[in-house]
Amino acid sequence: MPTSRKDRIYQQRRTQPGDFVFDEAVAGVFEDMITRSVPGYEAVHRLLRVVARKFVKKDSSVYDLGCSLGAASFSVCEAIPNASVSVIAVDNSEAMIHRLQQKLEGQPSEARIKPVCADITEVEIENASLVILNYTLQFVDPPRRDSLIQKIYSGLRQDAAMLLSEKICYANDDEDARMQGLHEKFKQGQHYSALEIARKREALEDVLIRDTHEQHRTRLYRAGFSRVFALMQHLNFITYLAIK
Ligand SMILES: C[S@@+](CC[C@H](N)C(=O)[O-])C[C@H]1O[C@@H](n2cnc3c(N)ncnc32)[C@H](O)[C@@H]1O
């Protein structure tokens, strides 16, 4: 299995707005891309292991929706060695799922992580003690977000939880611009050039559509969740724990 290469995609590509896709080129550099682009990415995984130890129950399923290369699925398996828990890792990118299958070959987690290439709005969720939706809702067509969250709520056991991580926007334009500016400084600190940052921003323009903190909270409570906690925030990246 080839390991993740350094993300140089926007050094090389001249892009058109809206053309960001999770294709083979992105899958090949994804680990480097996400750790250099998402502030707090590793901290979210440490938090996920804590949440998994608290919520995952024997003879239940964990869903990793928009799993990419399965980082969250591997974190859950590390935290929960119980073989009666299976982790269903769903992504609609064939390149991501193919790489995840390769990563799993010969690994102890192979028997427990089940990669599924499908649209998360179309998969059935059942008997779940934990659902992870990390940095993926923002790529789902906004009119389909409410029904996806409602479906997840329905598929969770009582007292089970969802961990939701997203890049948020701010209703106030000045606040939004300031946070976007800080995020760009963060990426510069991760050795992305100003040109790479600008090209990627343009490519993501109509693809990654952010919601505000209020929109997330309202949607989660409307779906029926009894408690919603913002567990962590790094710049404009936030992680919620929503408990059924
Ligand atoms: C930013 S990545 C998620 C990162 C991953 N959750 C992690 O923490 O490492 C978003 C992923 O969601 C997938 N995705 C986007 N929309 C999807 C959909 N409707 N159904 C399934 N997967 C989707 C993309 O292919 C991509 O792999």
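This report describes a predicted model, moving from the surroundings of the ligand to the helices, the nonpolar core and a few individual residues.

**Around the ligand**

The shell around the ligand consists of 20 residues, and among these Phe 22, Gly 66, Ser 68, Asn 92 and Ser 93 come nearest to the ligand. Sorted by class, the shell contains eleven nonpolar residues, seven polar ones and two charged ones. Helix H4, which covers residues 71–79, and strand S2, which covers residues 86–91, each contribute at least two residues to the shell.

**Helices H2 and H5**

Helix H2 runs over residues 24–37, and because each residue should add 1.5 Å, its 14 residues are expected to span 20 Å; the C-alpha atoms at its two ends lie 18 Å apart, in agreement with that expectation. H2 nevertheless has a bend of about 70° at Phe 30, and Phe 30 is itself one of the buried residues of the helix, alongside Ala 27 and Met 33. The cover over the buried residues of H2 includes helix H5, residues 94–104.

Seen from the side of H5, the buried residues are Ala 95, Met 96, Ile 97, Arg 99, Leu 100 and Leu 104, and these pack against H2, S2 and strand S3, which spans residues 113–117. After H5 comes Gly 106, which has a positive phi, near 75°.

Leu 100 illustrates the packing of H5, the helix in which this residue is placed. Leu 100 counts as buried because it has 26 C-beta neighbours inside 10 Å, where 20 or more are required. Apart from neighbours within four places in sequence, the contacts of Leu 100 are Cys 67, Leu 69, Gly 70, Ala 89 and Pro 115. For one of these partners, Ala 89, which is eleven residues away along the chain, the C-alpha separation from Leu 100 is 9.1 Å.

**The nonpolar core and strand S2**

In soluble globular proteins, nonpolar side chains tend to be buried together. In this model the largest nonpolar core has 55 residues, and Tyr 63, Leu 130, Val 131, Ile 132, Ala 161 and Met 162 have the most contacts inside it. Strand S5, residues 156–169, gives this core its largest share, namely six residues. Ile 132, when its neighbours within four places in sequence are left aside, is in contact with Leu 48, Tyr 63, Asp 64, Leu 65, Ala 72 and Leu 163.

Val 87 belongs to strand S2, and residues touching Val 87 from beyond four places in sequence are Val 62, Asp 64, Ser 73, Val 76, Cys 77, Arg 112, Ile 113 and Lys 114. Val 87 is buried, since 26 other C-beta atoms lie within 10 Å. Its C-alpha atom is separated by 24 Å from that of Val 29, which is 58 residues away along the chain.

**Positive phi outside glycine**

Two residues other than glycine have a positive phi, as set out below.

| Residue | Phi | Location |
|---|---|---|
| Asn 127 | near 50° | loop between S3 and strand S4 (128–134) |
| His 191 | near 70° | loop between helix H7 (173–189) and helix H8 (194–204) |

How exposed are Asn 127 and His 191? Asn 127 is partly exposed, because 13 other C-beta atoms lie within 10 Å, whereas His 191 counts as exposed, because it has 10 C-beta neighbours inside 10 Å. The cut-off explains the two labels, since a residue is exposed with 12 or fewer such atoms and buried with 20 or more.

Key:
Residues numbered from 1 in each chain as written. Predicted model: local features only at pLDDT ≥ 70, side-chain atom pairs only at ≥ 80, totals over all residues. Near = placed C-beta within 6 Å. Helix = DSSP H or I, 4+ residues; strand = E, 2+ residues; numbered from the N terminus. Nonpolar A, V, L, I, M, F, W, Y, C, P; charged D, E, K, R; others polar. Expected span 1.5 Å × (residues − 1). Bend = angle between axes of the 7 residues up to and from the residue. Contact = placed C-beta atoms within 7 Å. Core = buried A, V, L, I, M, F, W, Y, C linked by C-beta atoms within 7 Å.
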